[in-house]
Each structure stands twice: as C-alpha cells, then as structure tokens.
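Good morning, colleagues. Please take a moment to look over the sequence and the structure before I begin.

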Amino acid sequence: MRRPFVAGNWKMHGSRVENAELIEALLLGVPGQPTAEIAVCPAFVHLWEVGRQLKASNVLLGAQSVCAEPVGAFTGEISAAMLKDVGCRYVIVGHSERRALYKEDDALVARKFLAVHGQGLIPILCVGETLDERERGLTTQVVSRQLGAVLDLAGVAAFEAAVVAYEPVWAIGTGKNATPAQAQDVHAHIRSVVDSRDAKNAARLRILYGGSVKASNAHEIFAMPDVDGGLVGGASLKADEFLKICAAVHVH
Ligand code: PGA
C-alpha cells in the first residue's frame, strides 16, 4: 500500500500576507489525520516563514527547485543543505518550466535529484512530454529518457525515497488535463521502467499526476491504479479547492 501524496506548487505566486491567509485557511480545513500526505512548495524567500506557520501541523514544506552544487560561488543559487536547514522535506526537480524556460537538461536534473537525495530530502522528479512529442507518438520514449538519466546517475536505490510526478507539458496551466486513461498509461510505464531495475522500489514508488488538476477532475484521475496523488499548480492557491483535491485521493 502506498500513502497518497498531494503537493501544491505555488510557483512564483504569493506574498507574506497572502501566504499567511492561505495557510490559515488550509490548516483550518485539513483533517487531523488526512488520508493523503500533504505538502506546499512556496517560493524560496517564503520558505522559512511558511515553514514556521506549518509547524505543529501535518502539512509539510517543499521547495520548487535547487542548485545541483553543494556550496560555493554560485550567485543566486540555493543549495539542498539550505533547503534542509529551513525545514524543507521535499524538493521539486525537473519541472517542465525549469526544463523549457531555464534550459535544464536531463543531466542537470539528475544532478539536482542527487543533491536533494544526498541531503536526505525527498526529490519530486517531474517528467512529461510536450504536445508535439505526444502527437509524434514519443511519450513513453521521452519519459523513459528523462527517468533513465536519473536512474543511471543516482541508482534505483535512491528511488526508495523519491516521488515521480508525471506532468504532460500540454496539460500544465492550460485547463486541459490528461484523461484518467492517458495518465494511467504513462504512470504504468513509469512504474515498469523502475520495476525493470528494482521491483520492490517500483511497487512502493509514489507517482503523482500533474497538469490542470482541479477539485472537479481529481477524483477520477486519482482513482487510476498507478496514480498516487497529484502535483497541483493553479488550484493549490485556493485553500478550498486544494483541500478538496487532497480529499479526493485513493489508496492503492
Ligand atoms: P497546473 O500546474 O496545476 O497549474 O496545471 C501543475 C504544475 O506545473 O505542477
């Protein structure tokens, strides 16, 4: 059995005041023992304060990115040790916005994954194809390549404490989610890729779906046998919507 997981990716949204309001509403609504593990990923500058607001709650803290290097002259970067120091448990790596807008390639994503893992934090590794790649029938090939780069560098043992998020690029922020069947197909593929290296870790691996998850579609997507929760962007900025998504998980 895998405990479902829902993470809110706040992206470059929020202010100290807005975040405090969102957290207050979230903590009022989150059940004492939620079925899902729940995390929120604010911007770097807000991590410490949001972390303090979450203290003594059952909502965990995550970051949206990280530097692959451990320490040193890397102006503007944030290390995995720094994220650990401010209370993060999770770190998103390989989000498609980082891949596309900031030219992060598979090799860099793999190094970031390793940096996070090395600090005892849990990477949320994002993979997913563009619309063009899907239309050309390349979805499983692209996802295998993205996953393979990380498996090759970090080793399958590192997946014992990792989360994978399947995020089709064409579904992110577009309002156009993958159908439950489309998500299930790719999730099953991701599990099979890990299974080919280690069956136990594959069976335990939590694979989240991300891309226009909303309260109205979460239940049917999360019902799929290889979908263990969601990575939620836009809908994580509204407490009531996010709480409904958290409540829509299924235990597989
Ligand atoms: P979205 O974003 O829910 O707004 O589509 C998901 C993500 O980018 O993680």
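What covers the buried residues of H5? This is a predicted model, in which local features need pLDDT of at least 70 and side-chain atom pairs count only at pLDDT 80 or more, while totals for chains, interfaces and linings use all residues. Residues are numbered from 1 along each chain as its sequence is written, and side-chain values use heavy atoms, with hydrogens and water left out.

Helices (H or I, at least four residues) and strands (E, at least two) are DSSP runs, numbered from the N terminus. The cover of H5 includes helix H3 (80-85), strand S4 (90-93), helix H4 (96-101), strand S5 (122-127) and H7. Among the residues of H5 that are buried, meaning under 20% relative accessible area with a 1.4 Å probe and protein chains only, are Val 109, Phe 113 and Val 116. After H5 comes Gly 120, with a positive phi near 75°.

I turn now to H7. Helix H7 (residues 139-154) packs against helix H8 (residues 180-195) at an angle of about 35°, with the axes 10 Å apart; axes here are lines fitted to C-alpha atoms over the stretch in contact, and angles run from 0 to 180 degrees between N-to-C directions. Contact means heavy atoms within 4.5 Å. On H7 the contact includes Val 143, Leu 147 and Leu 151, and on H8 it includes Ile 190 and Val 194.

Finally, Phe 159 touches residues including Phe 113, Leu 147, Leu 151 and Val 194, not counting residues up to four places away in sequence.

Terms used. Buried means under 20% relative accessible area, exposed over 50%, partly exposed in between (1.4 Å probe, protein chains only).
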